[in-house]
Amino acid sequence: MQNVSIQMVDALERRSDVELETIILRAPWEQIGLSTTLFLFRLLRLIPKAVKEFNPDVILFSSMVTAGMLPFLSRRVKVPKVTINHGQDVTKPVWIYQKYLPYVFRKLNGVISVSKATHLASVERGMNPERGVVLPNGFDSRRARFLPDRDGALERLEHEFGMDFASRPTLLTVGRQVQRKGHVRFIREILPEIRTDVNYIIVGDGPEYEAIRREIKESERPERVWLAGRQPDEILSCCYAAADLFIMPNIPVEGDMEGFGIVLLEANQAGVPAVASDLEGIRDVIEQGVNGYRVPYDKPDEFASKIDAVLNNDLEKLSVSSRVYVEENFSWDRVVTRYLDYLNSVIST
């Protein structure tokens, strides 16, 4: 959410029709918990001060977490207030947080949900449906210029990871390693059913890291799977550039959800189509047969068959259409216009 917010701000600042005042938390992931807590308390002082000095038409919160300060601010701040929500910032399974959310929704003049699934979760928690709209996340299309060429990326990954990536197709998964991402299940149930000889790279970290590592060790071909951990942007760009197919094997987990799936856009931008579970916010990103395929999460054989089919039949065509599709529909310079149209409608209400 932090990266998405910063990219959105950058897109807004490129607009000549927007005057913007920002209060942004920029913190490394390792410090995000403490930094966020301190930042929220600072907002109680910073927002009224900014409203007094800047006299804005609307206040846009980047998530339900930051919007959570509204019940303490609403009497002091009379400007229309809108939030973006992403998924887990709505469904987080902490009972006191869930009890608190309806109070926050009542203080908001508008809600931008990044997917239909997030919108529905918000309605279930007290949001007035008439105050909400579904608008997607965007991505910074300028990042494409920093992607290395495929041959250079393959060479760099072989040097970094010590695996042969050039002789067989590469599957890639990027994201926080939590249960809903389905890493363990993919390695155990789907990967053995893929007939094509593939490599599989998993980038990211999180509470499921050790469970994934153990599953790899016990798998039939552990030498074909590389658990890369958290990587700097330079190596991540190489992973996208070298990959043939992006994999997002999510599973349903109570109290958690995939709000949107920004990594799908990043992969598509690099010309990497996706095979992903037909769940939640993923449905708002993948257009069947255009930038990838959605497959029922509970059918491992179908998931494996679709991977084989894409790798051996329409990969080149799908790679091109993936890049075109996300550029036309999800680049921040396009998406932010839709955000502004909605904000203007809230202001004029």
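**Salt bridges and surface patches, questioned**

Biologist: In this predicted model, the side chains of arginine 180 and glutamate 258 meet in a salt bridge, 2.6 Å from N to O. What makes this a salt bridge?

Modeller: The cut-off is a Lys or Arg side-chain nitrogen within 4 Å of a carboxyl oxygen of Asp or Glu. Arginine 180 and glutamate 258 come to 2.6 Å, so the pair fits the rule.

Biologist: And what does the pair tie together?

Modeller: Arginine 180 sits in the loop between strand E5 (170-174) and helix H8 (183-190), and glutamate 258 in the loop between E8 and helix H11 (262-269), so parts that are 78 residues apart in sequence are tied together. There's a network here too: salt bridges link Arg180, Lys181, Asp256 and Glu258.

Biologist: Why is glutamate 258 called buried?

Modeller: Buried means under 20% relative accessible area. Glutamate 258 has 6%, so the label holds. Arginine 180, at 11%, is buried as well.

Biologist: How do you know that lysine 116 and aspartate 284 form a salt bridge?

Modeller: Their closest N and O atoms are 3.9 Å apart, and the limit is 4 Å, so the pair counts. This pair links distant parts of the chain, 168 residues apart: lysine 116 is in helix H6 (residues 116-124), aspartate 284 in the loop between strand E9 (274-277) and strand E10 (292-295).

Biologist: Are those two residues buried or exposed?

Modeller: Lysine 116 has 60% relative accessibility, so it counts as exposed, the cut-off being over 50%. Aspartate 284 has 19%, so it counts as buried, the cut-off being under 20%.

Biologist: Why is arginine 150 only "partly exposed"?

Modeller: Its relative accessible area is 34%, and partly exposed covers what lies between 20% and 50%. Arginine 150 meets aspartate 244 in a salt bridge of 3.3 Å, N to O. Aspartate 244 counts as buried, at 13% relative accessibility.

Biologist: How many salt bridges are there by this rule?

Modeller: The count comes to 19.

Biologist: On to the surface. What makes the nonpolar patch?

Modeller: Val94, Trp95 and Ile96 make it, at about 350 Å². Tryptophan 95, in helix H5 (residues 95-107), has a relative accessible area of 64% and is exposed. Patch members need over 30%, so tryptophan 95 passes that part of the test.

Biologist: How do you know that the chain agrees with a compact globule?

Modeller: For 349 residues, such a globule would have a radius of gyration near 20 Å; the chain has 21 Å, which agrees. Buried residues make up 53% of the 349.

Conventions
Residues are numbered from 1 along each chain as its sequence is written. This is a predicted model: local features need pLDDT of at least 70, side-chain atom pairs count only at pLDDT 80 or more; totals for chains, interfaces and linings use all residues. Side-chain values use heavy atoms; hydrogens and water are left out. The radius of gyration is taken over C-alpha atoms; the globule rule is 2.2 Å times the number of residues to the power 0.38. Buried means under 20% relative accessible area, exposed over 50%, partly exposed in between (1.4 Å probe, protein chains only). Patches are made of residues with over 30% relative accessible area and no salt bridge: like charges are joined within 9 Å, nonpolar side chains (Val, Leu, Ile, Met, Phe, Trp, Tyr) within 5 Å. Accessible areas come from the Shrake-Rupley method with a 1.4 Å probe; for residues, only the protein chains shown count as cover. Helices (H or I, at least four residues) and strands (E, at least two) are DSSP runs, numbered from the N terminus.
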